[in-house]
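Student: I should like to examine the side-chain contacts of this model. May we work through them in turn?

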Amino acid sequence: MTGFSLRSLTFMMFIAFLVWSSSMDICNARRGRHWRQNRHVFPSLAKKKGKVHGSSHHQQKGGSKPKIHPPTSPPQKALPPPSATKPIKETPPSPSPPQKGHESIQQSAAFNVLDFGAKGDGTTDDTKAFEAAWAAACKVEASMVIVPAEFTFLVGPISFSGPYCQANIVFQLDGTIIAPTDSKSWGRGLLQWLEFTKLRGIAIQGKGIIDGRGSGWWQDSPFEDPIDDEIKLIVPLNNTLQEKPPMPVRSELSGKMPSIKPTALRFYGSFNVTVTGITIQNSPQFHLKFDNCIGVVVHDMSISSPGDSPNTDGIHLQNSKDVLIHGSNLACGDDCISIQTGCSNVYIHNVNCGPGHGISIGSLGKDNTKACVSNITVRDIIMHNTMTGVRIKTWQGGSGSVQGVMFSNIQVSEVQLPIVIDQFYCDKRSCTNQTSAVALSGITYERIRGTYTVKPMHFACSDSLPCTGVTLSGIMLKPMQEQYHLYNPFCWQTFGQLTTPTVPPIGCLQIGKPPNNHVQSDHEVC
């Protein structure tokens, strides 16, 4: 009995010890000792706890409250909650240096004529090298043909042609291109030397020179060139005006060149054409010609040839639309700018002209042809030592019309005939009188000022089709006696209005409209 009691007592004490030990663990757990020591082992639980409390503050570290003991890991900056943060602008990655493949693509878009065999010594014929460089550039959009500086390239007649070339090709001209002076290079005669045809987006730019070396052509057969008809109005004081100029002294090149003379630089059938920076000089005939082009810009370039070089127009426009010419110096032996049939929306401003024959519309209607010209603006021009200033010239027997023309702010200095309309234009051939004519209407002259040496104004309009809508404003022209007879203003069949007094007074302009109210006929419609 005693043994049983002792064993029972021992067993009960053991049970009591176990109960006491378990109670101590529960108390310690409640104090959080074990939780704090092992909380990093339960990140998912910590996250859940934070979500339950709903505070975005607590999502960054996984705990719900700030802890008393600092964390063992280095402190991190707390990010504000997404709802409170401003949108973070993602900075684009800095451009990495071009890879080798990219460099080769960029370099392949530039085609230097020297790389295609051009010598640039001024004596070797580089025509084929230019052809090869163009053929390569033609295949690449926005490519560039490079004619480098400090080289002189002898190039024969050449055509840089489309229509299968890629768009927006640049012809970077910084060197000098010279024309051959032997007749063999020209065959029986060509109409152009350097030609760009049927292109979409073509620019010639740079500081280079195109030299036509035309003196040999000018001295050959000078009487085959047409003579400007306005010369008949210019009578020297000594009355010794010769009907034909003296035969020039022939150079060793004379007698060898064909009678057909080339234009130095011609664009045909092209869109979005730009010419800037370059100089074109001494062309055998026209210096720069645009034919059947749309979207032409010419600026900050120069044209230069002697004032007595025959038929060397500076810029010649024909069948071209949307043309802008500005900021250029033009000196030549004929019209600084000539505007032919088929031209419209032409804007010319800030151009220096002289020597030369001024800026002309025409001649139009030759050989009974139809001519259509409209919406022409010429303004802010300086002319010095030119034969005519601003002029419209048409042939008898022509048809069509010229309308919507503005000549504004033209400064003339020692210009023989500052303002001219001549509907009886005829070169050195004999011309017969004809009744039909190109109709002229809506012609405005404003602020034409400076000095003249022959006649301030000459309006000779058609007998059967008078000029209408001619407006004069702010005309102030003073005579300068030199070696020519001076004449008063002349008008014939010219109707319009004077909006201000003029110097000299222009009493010959007929105010209003013609007495027979003219109805436009079919041959005038364009």
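Student: How far apart are the closest N and O atoms of Asp228 and Arg391?

Tutor: This is a predicted model, in which local features need pLDDT of at least 70, side-chain atom pairs count only at pLDDT 80 or more, and totals for chains, interfaces and linings use all residues. Residues are numbered from 1 along each chain as its sequence is written, and side-chain values use heavy atoms, with hydrogens and water left out. A salt bridge requires a side-chain nitrogen of Lys or Arg within 4 Å of a carboxyl oxygen of Asp or Glu. Asp228 and Arg391 form such a bridge, their closest N and O atoms lying apart by 2.8 Å.

Student: Is Arg391 buried or exposed?

Tutor: Buried means under 20% relative accessible area, exposed over 50%, and partly exposed in between (1.4 Å probe, protein chains only). The relative accessible area of Arg391 is 0%, so this residue is buried.

Student: Which Asp forms a salt bridge with Arg391 at 2.9 Å?

Tutor: The partner lies in the loop between β18 (321-331) and β19 (337-339), 56 residues from Arg391 in strand β23; strands are DSSP runs (E, at least two residues), numbered from the N terminus, and helices are runs of H or I of at least four. At 2% relative accessibility, this partner counts as buried. The residue is Asp335.

Student: What is the distance, N to O, in the salt bridge of Arg266 and Glu195?

Tutor: Arg266 belongs to strand β11 (residues 263-268) and Glu195 to strand β8, 71 residues apart. Both are buried. Their side chains meet at 2.6 Å.
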